[in-house]
Amino acid sequence: MADDGTGGHGPAWTDPDCPVARTVDLVGDRWSLLIIRDAMDGARSFTDFQQRTGIARNILTERLRKLTARGLLAQVDAPSGRRRLYALTEAGKDLFPVIVTLRQWGERHAFDAGETHSVLVDDDGARVPDLLPVAADGSQLTSDTTSVRRSS
């Protein structure tokens, strides 16, 4: 894992054996997820992120530093060469289904009926279908039909 600014010791994991807990430790605060969301939607500069989120500059500086140290964003030179921009790494891009699932949950549960909100669409303008986990046989999976196998 990339240096996260903790002196090379890595983060102190909340639950070291749980992938969900480790992910939340890495990107679970509200600003980090919104920065990743905005990077997926084309934000590249510090100013882009600040204007889109309204986050305080000091907090944004810290979150961008951590997301870069954790390997989710990379700093790249702007075409002009006068400043640095941020780009999603492959690890950052891998969060796309997470962001889509959070968005879709929010569409179902965080808005009143008829309340307007943004909509995620594909290149043809069609609404992105709900992401649902499925078993190898194609049947839908739920928390009632899955379990966690702990490592021994």
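Pro-79 lies in the loop between β1 and β2 of this predicted model. With a relative accessibility of 85%, Pro-79 counts as exposed. The cut-off for that class is over 50%. Pro-79 and Asp-112 are separated by 33 residues in sequence. In space, their C-alpha atoms are 43 Å apart.

Strand β1, on one side of this loop, covers residues 73-77 and includes Val-76. Val-76 is partly exposed, at 35% relative accessibility. That value falls in between the limits of 20% and 50%, so Val-76 is neither buried nor exposed. Beyond the residues up to four places away in sequence, Val-76 touches Arg-83, Arg-84, Leu-85 and Ala-87. Strand β2 comprises residues 84-88. Val-76 and Ser-118 are 42 residues apart along the chain. Their C-alpha atoms lie 29 Å from each other.

The two strands belong to a chain that also has 6 helices. From the N terminus on, the order of elements is α-α-α-α-β-β-α-α. Four helices thus come before the strands, and two follow them. The chain has 152 residues, of which 24% count as buried. Its C-alpha trace spans about 50 × 45 × 25 Å along the principal axes. Among contacts with a separation of 6 or more, 39% involve residues 24 or more positions apart.

One aromatic pair was found in the chain. Phe-49 and Tyr-86 form this pair, in an edge-to-face arrangement. The ring centres are 6.2 Å apart, and the planes meet at 70 degrees. An angle over 60 degrees is needed for the edge-to-face class, and centres must lie within 6.5 Å for a pair. Phe-49 lies in helix α3, residues 46-53, whereas Tyr-86 lies in strand β2. The pair therefore ties together parts that are 37 residues apart in sequence. Both partners are buried. Phe-49 has a relative accessible area of 0%. For Tyr-86 the value is 11%. Each falls under the 20% limit and so counts as buried.

Tyr-86 also features in the surroundings of Thr-68. Thr-68 is found in helix α4, which covers residues 57-69. Leaving aside neighbours within four places in sequence, Thr-68 is in contact with Leu-73 and Tyr-86. Leu-73 falls at the start of strand β1, residues 73-77, and Tyr-86 lies in strand β2. Thr-68 is partly exposed, with a relative accessibility of 25%. Thr-68 and Thr-89 are 21 residues apart in sequence. Their C-alpha atoms are 9.0 Å apart in space.

A ring and a charge meet at another site. The charged end of Arg-30 sits over the ring of Trp-31. The distance from that charged end to the ring centre is 4.3 Å.

Charge and surface were also computed for the whole chain. There are 19 positive and 22 negative side chains. The centres of the two sets lie 7 Å apart. The chain exposes about 10,600 Å². Carbon and sulfur atoms supply 52% of this area.

Technical notes. Residues numbered from 1 in each chain as written. Predicted model: local features only at pLDDT ≥ 70, side-chain atom pairs only at ≥ 80, totals over all residues. Heavy atoms only, no water. Buried < 20%, exposed > 50% of the residue type's maximum accessible area, 1.4 Å probe, protein only. Contact = heavy atoms within 4.5 Å. Areas by Shrake-Rupley, 256 points an atom, 1.4 Å probe, with all protein chains shown as cover. Lys, Arg positive; Asp, Glu negative; His and termini not counted. Charge placed at Lys NZ, Arg CZ, Asp CG, Glu CD. Phe/Tyr/Trp six-rings, centres within 6.5 Å; stacked < 30°, edge-to-face > 60°. Lys NZ or Arg CZ within 6 Å of the ring centre and 35° of its normal.
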